[in-house]
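Q: Please take a close look at the enclosed spaces inside this model, and then follow the side-chain pairing and the backbone exceptions elsewhere in the chain. I would like the cut-offs stated as the terms come up.

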Amino acid sequence: METSRRTVLASAAAAGLTAAAAGTSYASSGRTPAKELFGKLPDGTKVYRWTLANGPTRMKVLSYGGIVQSLELPDRHGQYTNVSLGFDNLDGYRTATTFFGALIGRYGNRIAKGRFTLDGKAHQLSVNDGENSLHGGAKGFDKRVWDVEPFADSSGVGLRLHYTSADGEMGYPGTLRVTVTYTLDARGDWRIDYAATTDKATVVNLTNHTYYNLAGEGSGDIYGHELALAAARFTPTDAGLIPTGELARVAGTPFDFRRAKTVGRDIRAAHEQLVTAKGFDHNWVLDKGITQRPEHFATLRDPESGRTLKIATTEPGVQFYSGNFLDGTLTGPAGRTYRQGDGMCLETQHFPDAPNQPSFPSTVLRPGETYRSSTVHSFSAR
């Protein structure tokens, strides 16, 4: 164990005792996650919140949308704060269109005009982003109540979330049976494992939509965060944020994060792609490609707190979204409004609109196959 990490763990333990004395309740480290009622939907369906803790990481997850409602991490001095954007009530998640912390499906990102053809048959999806379908449609996986199974075993503590998406839901063919596993290991790393099967040919692209602000949600913008991405290419988009099909080089553009730089350094550059998206909202083509095991591709660091996030994935792409459409109309748990750039997402994925882009890695899933994807988030402070 690195000396800096050992120091953080010790400080975190002390901070945890302080929080407990102040009346804040957390699941014991390494214990089965705790469950509590979070709210009810208009039809009376109960929504539960699960609290997980292992190593220096604390997490709260909702059965509604598999939403990460809170992710608490210590800074270099062992002081905890919630680094994920969200709400302190169920209605916020029900009515907002920001996808804070949610599981995304059946198809993460955009599909042009909500249409694709598979095996000669045309499919029309729910359209919820102008003329396009975004993140599974008007009622995607983020708006569904998942069955949750807690566990504590040699891998860590976590939740297995189960959902069955009916044939035709949001226009997608096939009955899709999905299991997503959230695991916090002894180091406090957060792993997501996705698995799905279908009874008809369909398309699948699952991801998580947590917004990060490593200085703490409600603390201001993330433009001073330092980001590095192992990606020499990205997929430019049209005015509707649909990829053109080009795999453009990042060299010599604001999209070059191969060496760490602050998120805000080039975000106001007069580049056509930045103007269209009002910032970064693009898919980066990871140098590593599709891999059997998660491989590191991203490092995000807040210099002030020292909090650092490293991400590894099996996926070939990541959508870096710099919170461009946060407009001050939403209020987080800290009682502060979220404005442009107050959080950012790193959504591991196959590419947007891949069902309509033959040159992109395929997102087709057929009967007898199992969709699998894994992403690991590693946290530290220095």
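A: The second largest cavity has a volume of about 60 Å³, where a cavity is a set of points, on a 1 Å grid over the protein atoms alone, at which a 1.4 Å probe fits but from which it cannot get out. Its volume is the space filled by probe spheres set on those points, which are joined across faces, edges and corners. The model is a predicted one, in which local features need pLDDT of at least 70 and side-chain atom pairs count only at pLDDT 80 or more, while totals for chains, interfaces and linings use all residues. Residues are numbered from 1 along each chain as its sequence is written, and side-chain values use heavy atoms, with hydrogens and water left out.

The lining of this second largest cavity, meaning residues with an atom within 4 Å of a point, consists of Ile67, Phe87, Gly92, Tyr93, Ala96, Thr98, Phe99, Phe100, Ala102, Asp142 and Lys143. Sorted by class, these are seven nonpolar, two polar and two charged residues, with Ala, Val, Leu, Ile, Met, Phe, Trp, Tyr, Cys and Pro taken as nonpolar, Asp, Glu, Lys and Arg as charged, and the others, Gly among them, as polar.

In total there are four cavities of 30 Å³ or more, and the largest of them has a volume of about 80 Å³. Around this largest cavity stand Ile192, Tyr194, Thr207, Asn208, Thr210, Tyr212, Cys345, Leu346, Glu347, Thr348, Thr375 and His377. Two or more lining residues come from each of strand E14 (190-198), strand E16 (207-208), strand E27 (345-349) and strand E29 (371-381), strands being DSSP runs of E with at least two residues, numbered from the N terminus. E27 gives the largest share of that lining, namely four residues. By class, five nonpolar, six polar and one charged residues line the largest cavity.

Turning to charged side chains, the count comes to 16 salt bridges, each a side-chain nitrogen of Lys or Arg within 4 Å of a carboxyl oxygen of Asp or Glu. Side chains of opposite charge can pair when their charged atoms come close. In one such pair, Arg110 and Asp129, the closest N and O atoms are 2.9 Å apart. Because Arg110 lies in strand E7 (residues 110-111) and Asp129 in the loop between strand E9 (121-124) and strand E10 (133-134), the pair ties together parts that are 19 residues apart in sequence. Arg110 is buried at a relative accessible area of 7%, whereas Asp129 is partly exposed at 24%; buried means under 20%, exposed over 50% and partly exposed in between, for a 1.4 Å probe and protein chains only.

Another pair, Arg144 with Glu169, meets at 3.8 Å, N to O. Arg144 sits in the loop between E10 and strand E11 (147-153) and Glu169 in the loop between strand E12 (156-165) and strand E13 (176-184), so this salt bridge links parts that are 25 residues apart in sequence. Both Arg144 and Glu169 are buried. A further salt bridge joins Asp256 and Arg258 at 2.8 Å, N to O, and there Arg258 is partly exposed, with a relative accessible area of 42%. Salt bridges with shared partners also connect Arg110, Asp129 and Asp281 into one network.

The backbone has some exceptions to a general rule: most residues other than glycine have a negative phi, and most peptide bonds are trans. Gly105 and Arg106 are joined by a cis peptide bond with omega of about 5°, and Arg106 belongs to the loop between strand E6 (103-104) and E7. Asn109, in the loop between E6 and E7, has a positive phi of about 80° although it is not a glycine; at 2% relative accessibility, Asn109 is buried. Asp353 likewise takes a positive phi, near 60°, within the loop between E27 and strand E28 (364-365), and it counts as buried at 3% relative accessibility.

Finally, Thr299 lies in strand E22 (residues 295-301) and is buried, with a relative accessible area of 19%. Its side chain makes a polar contact with the side chain of His296 at 3.0 Å, the term standing for a pair of N or O atoms within 3.5 Å, where within protein one must be able to donate a hydrogen and the other to accept it, and residues adjacent in sequence count only if both atoms are side-chain atoms. Leaving aside residues up to four places away in sequence, Thr299 touches Glu226, Leu227, Ala228, Thr308, Leu309 and Lys310, contact meaning heavy atoms within 4.5 Å.

Key: On a 1 Å grid over the protein atoms alone, a cavity is a set of points where a 1.4 Å probe fits but cannot get out, and a pocket is an open set with protein on both sides within 12 Å along at least five of seven lines; lining residues have an atom within 4 Å of a point.
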